[in-house]
Amino acid sequence: MSERPLIVQSDLTLLLDVHCPDSDSARSEISPFSELIRSPEHLHTFQLSSISLWNACSAGLDARSITGTLEKWSRFDIPETVTYFINDNCSRYGIISFLPLDGSFFTISFSNDRYRRQVLALKAVQNLIASQDDDEIRVPMQHRGDLKVILTDNGFPVDDCIPLVKGLPLDISLRESESFSVRDYQLDSVKAFLGDGRPGLGYGVIVLPCGSGKTITGLAAMAEIKTSTLILAPNVAALHQWKRELLTKTTISEDDIGEYSADRKDIRKVTLCTYSMLVYRNTTDDEYHNFNAIASYPWGFVIYDEVHMLPAPVFRLSASLQSVYRLGLTATLIREDGREKEVFSLVGPKRYDVPWAELEKQGFIATAYCHEIRISLSEDAELDYALAPRSRKIVIAAKNKNKLAVIEYLLERHVGQQILIIGQYIDQLEEIQKRFSFPLITGSMSNSKREELYQDFRDGRIQVLIVSKVANYAIDLPDASVAIQVSGTFGSRQEEAQRLGRILRPKSVDSHFYTLVTRHTSEEDFSLNRQKFLIEQGYKYEIVSWE
């Protein structure tokens, strides 16, 4: 028994001893119902949660199989509190189902009268029901998404068994060639997403590392479903990346691809749109005109690129599109605002996840080394920092002028490589540009100029780019091998993952990710939080002193 690799704790964490011979087997069996939260050298920590258990139930697991897996691998007896938590949450999944009545209404089915009474007592639920009697509850189809959110928020996950509908037919297939083929894990993720096509599948989230080809996964899903598709992405550069991939890796013609952006308002069978354009309005009292125009089209499939970024108004669109296939793509479902439940409710449960370290081992993403360099404040800033309010302390630490010398050293150390200098504060980046004369990309730059600089970087005409947070997401810069992070967003783990992802495309050299942190300031606290994601994924984080 002492050789078993797992320790199950009453706080719902699972500690995996990686030195045990069976640790890999145990990891693969507990991953479907738990989330990896830390993976330092000796003990990796997984967390049980309501969402992780409901995800498992949606994939066909139940309380008995989950507790059986824990008993199989646990070094000690399973705490009763853990068994109760698993049984309670798993018992909730499947009690409430949505079933079709006709094209306009659906019904809520309960397998337990106690939960029926609890749910129907909720005022928010009552407001969405058109009629009810002892035999049938009728809910208008347009309330399907809103009702899911309300029920999930109250601890009642929904098994949505209303069949999905296809929109307009789309003639699309993948163009496989010697230079391109769909990888096994990408095919596996699409299979997990679509399954056998029965109700209850065809919606959900696929979690794959940055640089591992999430876009290809989306294209493979499109080739399977073959229906009109709306692709939502964080920025215009990401839209252009999707368009390039569609044209080079599928049989779709340019005539079938529309772009809904500030420059064009073109809706076609495949339409690319940014989140910000979708929810844009002139004033806070104005209608969401773009939202309404796009939502009125007969979509059959919606792809949410970087699904963790969904702003609140886009959740509303998702609520109105519950009848179509829905795929969320992300490197991490972490949301600093804690709204993962809304992603689960409206886009769907996590259908597939693969550890970053596993794909690194197989050579599908680059080997990356993470370094934190701690730097003292300049003397003229030390007194300012000591006397400043907290909000000002954050800015002073982030803009530490001593970081310039470190940047110069790192540029010399990696001369000849493709380097990104990434930061949060525009005036800080402008100072770096003034010192080193490299091009700077910010949100105020036109999309055409940004794309021109990105292309120059891809082609090797530019070896160093200074970028603001506009480059956090979905920018395909395959030869970037060094990232120097000079400032960030209040310790965001999700941002850390995205910035590391900019250098993870496979290449002939190892990648290096540097974070510059001002010693004995708020930046140290933020850096600890940001490191969490990298540690979760198995990266070792070297901390060195500049002095």
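Modeller: A helix here is a DSSP run of H or I with at least four residues, a strand is a run of E with at least two, and both are numbered from the N terminus. With that in hand, His-520 can be placed in the loop between strand S22 (511-518) and H22. Keep in mind that this is a predicted model.

Colleague: Okay, and why is His-520 called exposed?

Modeller: Its relative accessible area is 64%. Exposed means over 50%, so His-520 gets that label with its 64%.

Colleague: What stands out about the phi of His-520?

Modeller: The value is positive, near 60°, in a residue other than glycine. Glu-306 also has a positive phi, about 50°, although it is not a glycine. You'll find Glu-306 in the loop between strand S14 (301-305) and helix H13 (312-320).

Colleague: Is Glu-306 buried or exposed, and how do you know?

Modeller: The relative accessible area of Glu-306 is 2%. Buried means under 20%, so Glu-306 counts as buried.

Colleague: Let's go to H22. Why is Asp-525 said to be exposed?

Modeller: Asp-525 is found in helix H22. The cut-off for exposed is over 50%, and Asp-525 has 53% relative accessibility, so it counts as exposed. If you want a distance to check on screen, Asp-525 and Ser-468 are 57 residues apart in sequence and 22 Å apart in space, C-alpha to C-alpha.

Colleague: What about Glu-524, buried or exposed?

Modeller: Glu-524 has 16% relative accessibility, so it counts as buried, given that the limit is under 20%.

Colleague: How do you know that Glu-524 and Arg-374 meet in a salt bridge?

Modeller: The N to O distance between their side chains is 3.3 Å. The rule asks for a Lys or Arg side-chain nitrogen within 4 Å of an Asp or Glu carboxyl oxygen, so this pair, at 3.3 Å, is a salt bridge. The two partners come from distant parts of the chain: Glu-524 from helix H22 (residues 522-536) and Arg-374 from strand S17 (residues 368-375), 150 residues apart. Arg-374 is buried too, with a relative accessible area of 18%.

Colleague: How many salt bridges does a search of the whole structure find?

Modeller: It finds 25. Among them is the one between Arg-144 and Asp-160, whose closest N and O atoms are 2.9 Å apart. That pair also links distant parts of the chain, with Arg-144 in helix H7 and Asp-160 in strand S9, 16 residues apart. Arg-144 and Asp-160 are both buried.

Colleague: And what makes Arg-138 and Glu-136 a salt bridge?

Modeller: Their closest N and O atoms are 3.6 Å apart, and the limit is within 4 Å. So the pair passes the test. Arg-138 has a relative accessible area of 23%, so it is partly exposed, and Glu-136, with 30%, is partly exposed as well.

Colleague: Which residues are linked in a network of salt bridges?

Modeller: That would be Glu-259, Arg-264, Asp-266 and Arg-268.

Colleague: Now the rings. Why is the Tyr-115 and Phe-156 pair called edge-to-face?

Modeller: First, the structure holds 7 aromatic pairs. In the one formed by Tyr-115 and Phe-156, the centres are 5.7 Å apart and the planes make an angle of 80°. Rings pair if their centres lie within 6.5 Å, and planes over 60 degrees apart count as edge-to-face, so 5.7 Å makes it a pair and 80° makes it edge-to-face. Tyr-115 belongs to helix H5 (residues 113-120) and Phe-156 to the loop between helix H7 (144-153) and strand S9 (159-160), 41 residues apart, so the pair links distant parts of the chain. Both rings belong to buried residues.

Colleague: What makes the patch with Asp-384 negative?

Modeller: The patch is formed by Glu-379, Asp-380, Glu-382 and Asp-384. Asp and Glu count as negative, so the patch does too. Asp-384 itself lies in helix H16 (residues 379-387).

Colleague: Why is Asp-384 only partly exposed, then?

Modeller: Partly exposed is what lies between the 20% and 50% limits, and Asp-384 has 46% relative accessibility, so that is its label. His-289, at 48%, counts as partly exposed too; its place is in helix H12 (residues 289-295).

Methods
Residues numbered from 1 in each chain as written. Predicted model: local features only at pLDDT ≥ 70, side-chain atom pairs only at ≥ 80, totals over all residues. Heavy atoms only, no water. Patch = residues over 30% accessible without salt bridge, like charges linked within 9 Å, V, L, I, M, F, W, Y side chains within 5 Å. Areas by Shrake-Rupley, 256 points an atom, 1.4 Å probe, with all protein chains shown as cover. Charge placed at Lys NZ, Arg CZ, Asp CG, Glu CD. Buried < 20%, exposed > 50% of the residue type's maximum accessible area, 1.4 Å probe, protein only. Phe/Tyr/Trp six-rings, centres within 6.5 Å; stacked < 30°, edge-to-face > 60°.
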